[in-house]
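Let's take a friendly walk through a protein structure, one neighbourhood at a time. Keep the picture in view and look for each residue as it comes up.

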Amino acid sequence: MSVLKIDPETYDVFAALPTYFREQSPFYIEGSVDGPALIEVVGYGIVAEVEIMFVETTTRPDDRYWRTHPDAEVRDYCLVDLVGLDFHHPLLKTGMYDVSTSYATLKDMWDRGYQVPSQRWTRQTYETHLARERMMMHRIASVTACTSCGADLIDRYGAMAHRLLEYHLEGDSGMWVCPTCHKAIHHAE
C-alpha cells in the first residue's frame, strides 16, 4: 500500500506540513514507497497526498520539525512533494481502511471526500442519516435558540436566525441546533 506514516510524537506534522505545502518545498519522510502516496498521521488518519521524488537510504535527514534527537541508524527516506493537504479531510479517522486497500481506492476516497465524521457511523448509516436530515432542509425553524448549547441566534443575526438553525435527527425525533453544535453532534463518538 502506498501510505507513508508519520508519528506526531516524533515529528511536528501539524506545523511542518502546512509550511512545506505553502512553501512548495519537498521534505523527507521515513519509509519507502513507489509512485504517488498518501500520508497518514499515526493515531489521526490520512491528511495528505504526496508525489514521491526519490527514495534514499541514509541516516535521518536534517529537518527542524523533528521532536526527537537523531540516531545513527540508516533507514529508507522518501523525498516527497505535497500535492494536497487537508487536516479536516474525512479520511482523518483511523480504521477507515486496512492494509489491503489499494492506493487507487484510497485516492478515489480522498478525491470524492469520503465522509464519515466519527467511528459511530458507517458510510451507509451516515449517508442515510444525512438524506433524512436533508428532507427537513425546506423547513424553517420555529425557534431561534440552539437546543444543544442554548445560544439564541436572534441576538446576533436578527430575523435570519430562523433560517440558520439546522434540524438534527436523533432516532425518530429531532431538534433545532446551531451549525456548530450540529457538526459536533455528528462528530461525537
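Begin at Ser148, which touches Val177 and Cys181 once residues up to four places away in sequence are set aside. The model you are looking at is predicted. Ser148 sits in the loop that runs between helix H3 (123-134) and helix H4 (154-157). Is it buried or exposed, or something in between? With a relative accessibility of 44%, Ser148 counts as partly exposed. Another residue to find from here is Met175: 27 residues separate it from Ser148 in sequence, while their C-alpha atoms are 8.5 Å apart in space.

Cys181, one of the residues that Ser148 touches, leads us to a question about cysteines. How many disulfides does a search of the whole structure find? The result is zero. Cys178 is in no disulfide, and the nearest cysteine sulfur to its own belongs to Cys181, 3.5 Å away. Looking from the other side, Cys181 is in no disulfide either, and its nearest cysteine sulfur is that of Cys178. Why does this pair not count? A disulfide needs the two sulfur atoms within 2.5 Å, and here the distance is 3.5 Å. As background, a disulfide is a covalent bond that links the sulfur atoms of two cysteines. Cys178 counts as buried because its relative accessibility is 8%, and Cys181, at 13%, counts as buried too.

Now turn to the rings. The structure holds seven aromatic pairs. One of them joins Tyr11 and Trp66 in an edge-to-face arrangement, with 4.9 Å from centre to centre and 70° between the planes. Where do these two residues lie? Tyr11 is in the loop between strand E1 (3-6) and helix H1 (13-23), and Trp66 is in the loop between strand E4 (45-58) and strand E5 (75-85), so their pairing ties together parts that are 55 residues apart in sequence. Tyr11 has a relative accessible area of 3%, so this residue is buried. The rings of Tyr167 and Trp176 also make an edge-to-face pair, because their planes meet at 65° with the centres 5.0 Å apart. Both Tyr167 and Trp176 are buried.

Go back to Tyr11 and Trp66 for a moment. Together with Tyr20, Phe27 and Tyr65, they form one aromatic cluster. Trp66 has a charged visitor as well: Arg60 lies over the face of its ring, 4.2 Å from the ring centre.

Next, follow the strands. Strand E3 (residues 37-41) and E4 run antiparallel and are joined by five bridges. Within this pairing, Val41 has Gly45 of E4 as its bridge partner. E3 and E4 form a hairpin with three residues between them, and Gly43 in the turn has a positive phi of about 80°. E4 also pairs with E5, again in the antiparallel sense, over 10 bridges. There you can find Ala48 standing opposite Leu85 in E5. A useful general idea to keep in mind is that side chains in a regular strand alternate between the two faces of the sheet.

Our last stop is Ser2, in the segment before E1. Ser2 counts as buried because its relative accessibility is 15%. Which residues is Ser2 in contact with, leaving aside its neighbours within four places in sequence? They are Val33, Asp34, Pro36, Ala37, Leu38 and Tyr103.

Notes: Residues are numbered from 1 along each chain as its sequence is written. Side-chain values use heavy atoms; hydrogens and water are left out. Buried means under 20% relative accessible area, exposed over 50%, partly exposed in between (1.4 Å probe, protein chains only). Helices (H or I, at least four residues) and strands (E, at least two) are DSSP runs, numbered from the N terminus. Contact means heavy atoms within 4.5 Å. Rings of Phe, Tyr and Trp (its six-membered ring) pair if their centres lie within 6.5 Å; planes under 30 degrees apart count as stacked, over 60 as edge-to-face and the rest as tilted. A charge sits over a ring if NZ of Lys or CZ of Arg is within 6 Å of the ring centre and within 35 degrees of the ring normal. Two strands pair if DSSP finds at least two bridges between them.
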